[in-house]
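The exercises below are to be worked with the sequence and the model side by side. Each task is followed by a solution that proceeds step by step.

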Amino acid sequence: MAMCLLSATMMAQKEVTVKAGTLVPLQISAPTRASEVQVGQKVSFKVNRDINVEGVTAIPFGTIVNGTVYEAKRSSWWGTKGRLGIRITELYGPNGEMIPLTNGDVYVTGKNRTPLTVVLSLCLVWPACFICGSRAELPAGYEVQANVASNTTVKVF
């Protein structure tokens, strides 16, 4: 009986190829601020819609995709702006297949207020040096797109 179920499951699987260049829309799962993350930390995104190939879902909606922080600078004195960079390079399908991604970098910056702080400081308003630039942050639901980097075969049911 168990052998019959195993055979039926194996026969129900189909292999499809997700072509290079396929667009994968992503959405960040939680708000992320440069001041709260560190370089090398993982940040979660999720696939925003099903990716269908040959009439079957190759990458389902909600698949979790991890990005890696490559720059995280908080805003600071003298009007220095915050900067946040996240690189998305791969996703893992429901059957564990790794699908390489490209063009999925996210880079956001705050506003630079350095000229303002310098001018105010020159006008002898010494507390102006404590003015910070604005934060670099991604709100929950921020959308980004990545592309499949190379043709990848995945098993689907």
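**Exercise 1.** In which sense, and over how many bridges, do S9 and strand S10 pair?

*Solution.* The model is a predicted one, in which local features need pLDDT of at least 70 and side-chain atom pairs count only at pLDDT 80 or more, while totals for chains, interfaces and linings use all residues. Residues are numbered from 1 along each chain as its sequence is written, and side-chain values use heavy atoms, with hydrogens and water left out. Strands are DSSP runs of E with at least two residues, numbered from the N terminus, and two of them pair if DSSP finds at least two bridges between them. S9 and S10, the latter covering residues 98-102, pair in the antiparallel sense over three bridges. Within this pair of strands, glutamate 90 stands opposite proline 100 of S10.

**Exercise 2.** Place this pair in its sheet.

*Solution.* The open sheet has eight strands with antiparallel pairing, in the order S9-S10-S13-S2-S4-S7-S8-S11. Its edges are S9 (90-92) and S11 (106-109), each of which pairs on one side only.

**Exercise 3.** Describe the surroundings of alanine 72 and phenylalanine 45.

*Solution.* Alanine 72 lies in strand S7, residues 64-73. Its C-alpha atom is separated by 7.7 Å from that of glycine 82, ten residues apart along the chain. Contact means heavy atoms within 4.5 Å; leaving out residues up to four places away in sequence, alanine 72 touches Ala34, Val37, Val39 and Arg83. With neighbours within four places set aside, phenylalanine 45 is in contact with residues including Leu26, Ile64, Val106 and Val144.

Key:
Helix = DSSP H or I, 4+ residues; strand = E, 2+ residues; numbered from the N terminus.
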